[in-house]
Amino acid sequence: MICAMVRHAIVLAAAFAAALAPATCFGESSKPLPAKATQELPAELLALLEQKKMPKYSPILVRLFKDEAELEVWKQDTAGRFQLLKTYPICRWSGDLGPKLYEGDRQAPEGFYTVTPELMNPNSNFYLSINLGYPNSFDRANKRNGSFLMIHGDCWSSGCYAMTDEQISEIYSLARDSFRGGRTSFQVQAYPFRLTPVNLARHRNNPNLPFWEMLKVGNDHFETTQLEPKVDVCNRRYVFDAQPAPNSPHPLVFNPIEKCPPFVVNPEIARRALEKRRADERAYAQLLEDNVPVAPIYSGFDGGMNKAFLARYPGRVTLAKVMPYASYLPQLPPIPWTDNDGSLTSKWFGTWSSRSSVCDTARAGFPSPQC
């Protein structure tokens, strides 16, 4: 990538010194980078990199899990495989399980996203932020819209994945260093939950199940190979690790809204993924036979928070103000605000916060309610 402004490149080069090439642009501001965006990784994390044989500037990959409220950073080791570096508890995510559909639905995105240097915001009012790049080509092909969907600090969310400032500092630095190593992007995989047979069986009645099963293909490619899956979109669907058929005279060209061209998957990747799929299908069938309990389609809450933060931030996960999928989900009875004896539901749901959970756009510096 070539910067749009020479001055921008000079400022960045000065801030990062010779370690950063002018091609690495973090955001569009020409202001000098703040110290929070250039600080070194903590000594403990540097030691962990060395222990796991992960070069400091090697590529990273990020995975997000809503239901478990966890963010994983994977990093490429000296053997060229991605290994789990660290799992961060997510401080706050908003919406419900399921993809983001439209601006203002408070849904945190699900899918496969590509983060490039210009999506890194060192001047965020939510400490530091990383724009997921929503909507991607899959989202646009399916007429989904929204903007400014981030991983950021400050533990407040309106369609975002919010971390603590300390956490986003580490995640941001790991991403920045991967760009310093020469990578032009890194992949983010955002899921409703870990795509295990038991979780899929619990959510078997959810109308998003076909979408999640499609995401599982990419998930399985990654988990069985520890290599970043190549992601394309055609026929309004994700396809993974597609390559031309042997002796094909033409390169593969994917159009997100048109029929998929003929393609094959690397046989070794296909074999490993097929083995996992068959094992998972057997486990899933057994869970159905055992009649594993079904999870409710609509939780009634606005997002979630890792239990590690419940005592620290009481009241930040509240009852949902909107039902994101009301247009096609079955009607559910209203959530009672009081019990029969007149007691408030706060005894179940915690204390309401006096601070609004909607992003303060003036504070965020964004022309959108999405944070």
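**Close-up views of a predicted model**

A search of the whole structure, a predicted model, finds 2 disulfides. The views below take in these links, a mixed sheet, its central strands and the helices packed on the sheet.

**View 1. Cys91 and Cys155 form a disulfide.** The S to S distance is 2.0 Å. The torsion about the S-S bond is about -80 degrees, so this disulfide is left-handed. Cys91 sits in the loop between β3 and β4 (92–93), and Cys155 in the loop between β8 (150–152) and β9 (161–162), so the pair ties together parts 64 residues apart in sequence. Cys91 is buried, at a relative accessible area of 0%. Cys155 is buried too, with 0% relative accessibility.

**View 2. A disulfide joins Cys234 to Cys260.** Their sulfur atoms are 1.9 Å apart. The link is right-handed, with 90 degrees about the S-S bond. Cys234 belongs to strand β11 (residues 231–234). Cys260 lies in the loop between β13 (242–243) and β14 (264–265). The two residues are 26 apart, and the pair links distant parts of the chain. Cys234 has 0% relative accessibility and is buried. Cys260, at 24%, is partly exposed, because buried means under 20% and exposed over 50%.

**View 3. Cys160 is a buried cysteine.** Its relative accessible area is 0%.

**View 4. Five strands make an open sheet.** The order is β3-β2-β1-β10-β5, and the pairing is mixed. β3 (82–89) and β5 stand at the edges. Each has a single partner strand, so one side of each lacks a neighbour in the sheet. From one strand to the next, the twist averages 20 degrees.

**View 5. Strand β10 pairs with β1 and with β5.** β1 (residues 60–65) runs parallel to β10, and 5 bridges join them. Leu61 of that pairing has Gln187 as its bridge partner in β10. Leu64 is partnered by Ala190 in β10. β5 (residues 111–115) runs antiparallel to β10, again with 5 bridges. Here Thr114 has Gln187 as its bridge partner.

**View 6. Strand β10 is mostly covered.** The strand spans residues 186–191, and 6 of its 6 residues are buried. In a regular strand, side chains alternate between the two faces of the sheet. Which residues of β10 point one way, and which the other? Phe186, Val188 and Ala190 point one way. Gln187, Gln189 and Tyr191 point the other way. All of these residues are buried.

**View 7. Helices α4 and α6 meet the sheet.** α4 (residues 165–180) lies across β1, β2 (70–76), β3, β5 and β10. Helix α4 runs at about 155 degrees to β3. α6 (residues 209–225) packs on the sheet and touches β1, β2, β3, β5 and β10. The direction of α6 makes about 125 degrees with that of β10.

**View 8. Confidence varies along the chain.** The mean pLDDT of the protein chain is 83. A pLDDT of 70 or more is reached by 78% of its residues. Over residues 1–25, pLDDT stays under 50. For that stretch the model has 35 contacts beyond four places in sequence. Residues 326–371 also have pLDDT below 50. In the model, this second stretch has 86 contacts beyond near neighbours in sequence.

How values were computed: Residues numbered from 1 in each chain as written. Predicted model: local features only at pLDDT ≥ 70, side-chain atom pairs only at ≥ 80, totals over all residues. Heavy atoms only, no water. pLDDT = per-residue confidence, 0-100. Contact = heavy atoms within 4.5 Å. Buried < 20%, exposed > 50% of the residue type's maximum accessible area, 1.4 Å probe, protein only. Helix = DSSP H or I, 4+ residues; strand = E, 2+ residues; numbered from the N terminus. Pairing = 2+ DSSP bridges. Axes fitted to C-alpha atoms, helices over the stretch in contact; angles between N-to-C directions. Disulfide = S-S within 2.5 Å.
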